[in-house]
Amino acid sequence: KNEYDYLIVGSGLFGSVFAYEATKAGKKCLVIDKREHIGGNVYCENIEGINVHKYGAHIFHTNDKSLWNYVNQFVEFNNFTNSPMSLSKGKLYNLPFNMNTFNQLWGTKTPHEAKAKIDEQVAIYGVENPKNLEEQALSLVGKDIYDHFIKEYTEKQWGRKASELPAFIIKRLPVRFTFDNNYFNDIYQGIPIGGYNKLIEGMLEGIEVITKTDYFSDRNKFNKLSNKIVYSGKIDEYFDYKLGILEYRSLHFENEILETDNFQGNAVVNYNDANYDFTRIIEHKHFEFGKQNKTVITKEYPQEWNPGREAFYPINDVKNQSLFDEYKKLSLEEKNLIFGGRLSEYKYYDMHQVIALALTRSKKELENG
Ligand code: FDA
């Protein structure tokens with residue numbers, strides 16, 4: 001018998017939820033992570049007493065009451081509501097697209113006026129069968145919204161012209177005919193009081209964790225330590241990239257500490273225009289209604305990805321998706337191995353989705369074994 005029931009590769013939400021559930025069921029777990037900290041992409045770094053979202057702004061939201069209760073057993077959440085602003089052509093607008101945005105853009109005052117304006121724009125600029133992102137967006141919301149909020153932002157995000165991007169990237173562009181700046185439609189929303197590290201620490205309390213340890217530095221040794229492996233790293237890396245490399249889009253973050261208590265008055269401000277290389281500025285203290293004397297802001301720059309950079313967004317086009325499907329087939333042949341999480345499923349998941357997934361997987365696993 002091996003020393004551990006489960007070796008869990010990755011201390012992000014997937015690995016941490018799995019470890020918590022398995023430990024609760026009486027199993028012995030060892031969690032390893034190659035980074036110098038736990039938490040994966042929800043990790044926060046404390047700078048000037050402010051929780052800085054090191055891998056991008058994270059706002060927790062869900063419609064699932066049991067999942068909300070689940071996370072609240074580890075940490076309480078505040079009532080932060082995500083209401084991003086967008087700076088476009090020198091003017092600030094409310095997001096997501098709602099009656100405030102339309103008023104700021106066109107001066108429309110009633111839902112009837114705003115609807116008529118959008119219908120008119122779509123009738124003039126829309127196309128029958130949109131062949132690229134630009135045509136798709138014009139067909140959904142017309143030229144004014146596209147020019148102010150979508151074109152340049154999207155081109156920075158993907159590093160390509162909107163007319164050269166596939167239409168499927170934008171499936172819908174929700175517009176609201178109420179004066180409601182709440183970005184998410186979910187019932188439950190907030191930020192862990194004291195930061196995301198509290199959530200992860202709560203899950204991993206009493207569980208053995210080793211950071212700065214890469215599974216691939218000695219996989220034979222790690223395999224012998226446990227009966228089963230729960231793997232939340234990259235699926236192509238697990239198979240030594242033998243079928244090819246799955247591609248991602250990356251981000252680069254630049255932090256600044258400023259000698260002011262309030263830089264932009266909001267947690268998230270999008271910078272639409274092309275003359276700014278970054279897509280948004282995050283002012284972290286506002287996630288927790290911070291009262292510190294200083295502030296920390298982060299400029300977010302989209303970046304080409306290469307295997308030396310952080311993998312943020314999977315490129316789920318036909319080429320990469322079919323490569324993933326091949327890896328997926330290989331993974332099903334592996335014994336005593338459980339794959340899960342955003343990197344091993346090559347999929348963008350929100351936090352609540354990854355937690356739900358880890359709960360389902362661990363339940364299935366622990367009921368059988
Ligand atoms: P995650 O990447 O967190 O964890 C995997 C861990 O495995 C990492 O710690 C890694 O170091 C480790 N690992 C990998 N290979 C290893 C190896 N060989 N050996 C050891 N360790 C290894 N969601 C949401 O609900 N609201 C939001 O606002 C946002 N915002 C957001 C912004 C940005 C920019 C991104 C990219 C994503 C979001 N998300 C989000 C999504 C959220 O980040 C995501 O759902 C979870 O972090 C996924 O958790 P995982 O455990 O799957 O991966």
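This section describes the surroundings of the ligand and of residue N41 in a predicted model.

The ligand is surrounded by 32 residues, and D33, H58, R342, Y349 and M351 are the closest of these. By residue class, the shell around the ligand consists of 17 nonpolar, nine polar and six charged residues. Polar atoms of the protein approach the ligand at several points. In the side chain of H58, an N or O atom is found 2.6 Å from an oxygen atom of the ligand. A nitrogen atom of the ligand lies 3.0 Å from a backbone N or O atom of Y215, and a polar side-chain atom of Y348 is placed 3.2 Å from a nitrogen atom of the ligand. The ligand taken alone exposes 1000 Å², of which 97% is buried by the protein. Two or more residues of the shell around the ligand are given by each of the elements α1 (13-24) and α11 (351-368).

Residue N41 was examined separately. N41 is located in the loop that runs between β2 (29-32) and β3 (44-47). With a relative accessible area of 15%, N41 falls under the 20% cut-off and is therefore classed as buried. Residues up to four places away in sequence aside, N41 touches R35, Y55, H58, F312 and R342. Of these contacts, H58 and R342 are also among the residues closest to the ligand. The side chains of N41 and R35 make a polar contact at 3.0 Å. The C-alpha atoms of N41 and G56 are 7.9 Å apart in space, while the two residues are 15 residues apart in sequence.

Conventions: Residues numbered from 1 in each chain as written. Predicted model: local features only at pLDDT ≥ 70, side-chain atom pairs only at ≥ 80, totals over all residues. Heavy atoms only, no water. Near = heavy atom within 4 Å. Polar contact = N/O pair within 3.5 Å; in protein donor to acceptor, adjacent residues only side chain to side chain. Areas by Shrake-Rupley, 256 points an atom, 1.4 Å probe, with all protein chains shown as cover. Helix = DSSP H or I, 4+ residues; strand = E, 2+ residues; numbered from the N terminus. Nonpolar A, V, L, I, M, F, W, Y, C, P; charged D, E, K, R; others polar. Buried < 20%, exposed > 50% of the residue type's maximum accessible area, 1.4 Å probe, protein only. Contact = heavy atoms within 4.5 Å.
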